[in-house]
Amino acid sequence: MSQPTSAPATLPAILGGAPLFPELVPIVRPALPSFAELAPDFEDMFQTRMLTRGKYLRAFEEAVAKHVGCKHALAVSSGSSALMLSYQGLGLKGDVIVPSFTFMATVNALIWNNCRPVFVDVLPDTQCIDPDAVEAAITPETTGIVAVHNFGNPVDCDRLEAVARRHNLKVVYDAAHGFGALYQGKPVGGQGDAQCFSLSPTKLLIAGEGGIVTTNHDDLAEHVRVGREYGMVPVYDTRFPGLNARMSEMHALVGLRSLGLLEEGVQRRQELVALFKRELAALPGIGYQTILPGDRCSYKDFSITVNAEEFGLTAPQLAKALKHDNVDNRQYWVPPVHQQSAYKRFAPSAETLHNTDWLADVSLSLPIWSRMDDEIVVGICRAIQQIHEHAAAVRRALAE
Ligand SMILES: Cc1ncc(COP(=O)(O)O)c(C=O)c1O
């Protein structure tokens with residue numbers, strides 16, 4: 001893995017200095033169990049030729065249900081199919097309230113279910129859905145609320161669910177970033193009507209690809225069980241149009257063994273974020289997501305906000321300059337969903353999504369992964385500091 005060069009660089013790479021890292025520091029690096037640890041089980045799987053619907057799936061589902069403290073955990077092919085089947089199973093129709101400051105998959109799954117997304121704002125501090133904005137957006141057409149544990153920061157579930165109860169609405173959590181997060185001391189997973197996790201390689205718990213639905217509702221669990229098998233019941237009859245959303249035994253095995261790495265990974269991320277904050281403390285204009293007391297963010301992503309006036313550069317300018325120093329980064333969520341081609345027609349009136357638009361302008365996600373070395377954090381922060389110190393010249397270089 002790329003380590004920062006030991007000699008202190010004098011100039012950011014965008015101004016001709018040597019890049020702070022000789023090789024690209026990726027935005028994410030999946031933490032996986034060793035192949036040797038998995039090999040005997042793969043051997044067993046290949047011997048028995050049970051590649052799907054087998055014992056690893058069952059073991060994985062049981063382990064996840066126990067981990068999150070929820071009655072059911074159903075493993076599926078992706079976070080997207082988890083959302084599609086959950087919205088369908090809960091009977092969401094008509095208008096569904098959803099944040100725009102999210103990955104488009106949260107919203108895509110609504111369209112697959114013929115629902116109309118009603119975009120509401122997020123809070124500027126937690127960057128998760130604003131329960132007051134949700135309540136203000138409810139109409140007789142509303143059937144549900146979808147909330148996202150954004151970057152792994154738990155939604156204020158109690159406040160949101162109080163709103164949902166007052167209006168008799170379903171609540172689905174997009175928990176794609178949720179493994180490792182604690183809501184009021186407990187793993188996210190048991191709150192609301194369903195939680196939909198993703199297990200793709202950018203997450204803390206990885207199966208290769210995959211998703212999980214957790215729910216305490218027996219009927220929703222049954223819907224997902226049937227829905228991931230085309231909507232077919234054993235007598236070869238289609239109960240409703242489902243998907244092939246099964247999780248293979250290979251994926252279930254990787255997920256099962258990765259579960260044992262989760263706590264270590266999330267704890268390491270807390271240390272890394274604390275180090276980032278210490279190293280960046282002297283710089284003006286850098287802000288952070290607020291984690292509510294009693295909660296723990298999984299830090300699936302570590303996103304900072306950049307106040308251009310104070311820092312001297314906008315988030316996109318800092319993003320470009322960091323790439324010259326071989327520090328990969330992303331601007332999540334830019335553009336937010338309501339500005340994307342498929343969803344512009346659902347965009348609410350200007351100013352409704354004030355915080356979403358602001359966050360899209362100022363957010364920058366820096367590299368973070370569960371086994372990252374301190375030196376990499378220190379190097380990234382040094383790169384940011386150098387860029388800040390030469391902000392005027394960097395602005396000019398970018399304008400050329
Ligand atoms: C917030 C959010 N929702 C849903 C998804 C979709 O998950 P998947 O890629 O497993 O379909 C993602 C993917 O990263 C995501 O970030």
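**Exercise 1. Decide whether Asn 168 is buried or exposed, and describe its backbone.**

Solution. The model is a predicted one.

Step 1. Count the neighbours: Asn 168 has 8 C-beta neighbours inside 10 Å. A residue counts as exposed if 12 or fewer other C-beta atoms lie within that distance. Asn 168 therefore counts as exposed.

Step 2. Locate the residue. Asn 168 lies in the loop between helix H6 (157-166) and E5.

Step 3. Read the backbone angle. Phi of Asn 168 is near 55°, a positive value in a residue other than glycine. Most residues other than glycine have a negative phi.

**Exercise 2. Treat Tyr 236 in the same steps: is it buried or exposed, and where does it lie?**

Solution.

Step 1. Within 10 Å of Tyr 236 there are 6 other C-beta atoms, so Tyr 236 is exposed.

Step 2. Tyr 236 sits in the loop between strand E10 (232-233) and strand E11 (237-238).

Step 3. Tyr 236 is not a glycine, and its phi is positive, near 65°.

**Exercise 3. Find the cis peptide bonds at Trp 333 and Pro 335, and say where these residues lie.**

Solution.

Step 1. Recall the usual case: most peptide bonds are trans.

Step 2. Look at omega. Between Tyr 332 and Trp 333, omega is about -5°, and the bond is cis. From Val 334 to Pro 335, omega is near -10°, and this bond is cis as well.

Step 3. Place the residues. Trp 333 is in the loop between helix H11 (315-324) and helix H12 (354-362). Pro 335 is also in the loop between H11 and H12.

**Exercise 4. Describe how H1 and H8 pack, and which residues meet.**

Solution.

Step 1. Take the geometry. The axes of helix H1 (residues 35-48) and H8 come within 11 Å and cross at roughly 155°.

Step 2. Classify the angle. Angles over 145 degrees count as roughly antiparallel, so H1 is roughly antiparallel to H8. The crossing of the two helices is right-handed.

Step 3. List the contact. H1 contributes Glu 37, Leu 38, Asp 41 and Met 45, while H8 contributes Glu 249, Leu 253, Val 254 and Arg 257. By class, these are 4 nonpolar, no polar and 4 charged residues.

Step 4. Follow one residue of the contact. Arg 257 belongs to helix H8 (residues 249-259). Arg 257 is partly exposed, because 19 other C-beta atoms lie within 10 Å; 20 or more would make a residue buried. Neighbours within four places in sequence aside, Arg 257 touches Pro 33, Glu 37 and Leu 38. The C-alpha atoms of Arg 257 and Phe 60 are 8.6 Å apart, although 197 residues separate the two along the chain.

**Exercise 5. Do the same for H9 and H13: at what angle do they pack, and what classes of residue form the contact?**

Solution.

Step 1. Helix H9 (residues 262-280) and helix H13 (residues 374-389) pack at about 30°, and their axes are 9 Å apart.

Step 2. Angles under 35 degrees count as roughly parallel, so H9 is roughly parallel to H13. The crossing of H9 and H13 is right-handed.

Step 3. From H9 the contact takes Leu 272, Leu 275, Phe 276, Glu 279 and Leu 280; from H13 it takes Asp 374, Val 377, Val 378, Cys 381 and Ile 384.

Step 4. Sorted by class, the residues of this contact are 8 nonpolar, no polar and 2 charged.

**Exercise 6. Which residues come nearest to the ligand, and which elements supply two or more residues to the shell around it?**

Solution.

Step 1. There are 13 residues around the ligand, and Gly 79, Ser 80, Phe 103, Ala 176 and Ser 198 come nearest.

Step 2. Helix H3 (79-89) and helix H4 (105-112) are the elements that give two or more residues to the shell.

Step 3. Sort the shell by class: 4 residues are nonpolar, 8 polar and 1 charged.

Step 4. Check the burial of both helices. In H3, 11 of its 11 residues are buried. Its cover includes strand E1 (72-76), H4, E5, strand E8 (194-198), strand E9 (211-215) and helix H7 (218-227). In H4, the buried residues are Ala 105, Thr 106, Val 107, Ala 109 and Leu 110. Among the elements that cover them are H3, strand E2 (95-99) and strand E3 (116-120).

Step 5. Look past the helix ends. Just after H3, Gly 91 has a positive phi of about 70°. H4 is followed by Asn 114, with a positive phi near 60°.

Definitions and conventions:
Residues are numbered from 1 along each chain as its sequence is written. This is a predicted model: local features need pLDDT of at least 70, side-chain atom pairs count only at pLDDT 80 or more; totals for chains, interfaces and linings use all residues. A residue is near a molecule or strand if its C-beta atom, placed from the backbone, lies within 6 Å of it. Helices (H or I, at least four residues) and strands (E, at least two) are DSSP runs, numbered from the N terminus. Ala, Val, Leu, Ile, Met, Phe, Trp, Tyr, Cys and Pro count as nonpolar, Asp, Glu, Lys and Arg as charged, and the others, Gly among them, as polar. Two residues are in contact if their C-beta atoms, placed from the backbone, lie within 7 Å. Axes are lines fitted to C-alpha atoms, for helices over the stretch in contact, and angles run from 0 to 180 degrees between N-to-C directions. Angles under 35 degrees count as roughly parallel, over 145 as roughly antiparallel, 65 to 115 as roughly perpendicular and the rest as oblique. A crossing is left-handed if the near helix is turned anticlockwise from the far one by less than a right angle, and right-handed if clockwise.
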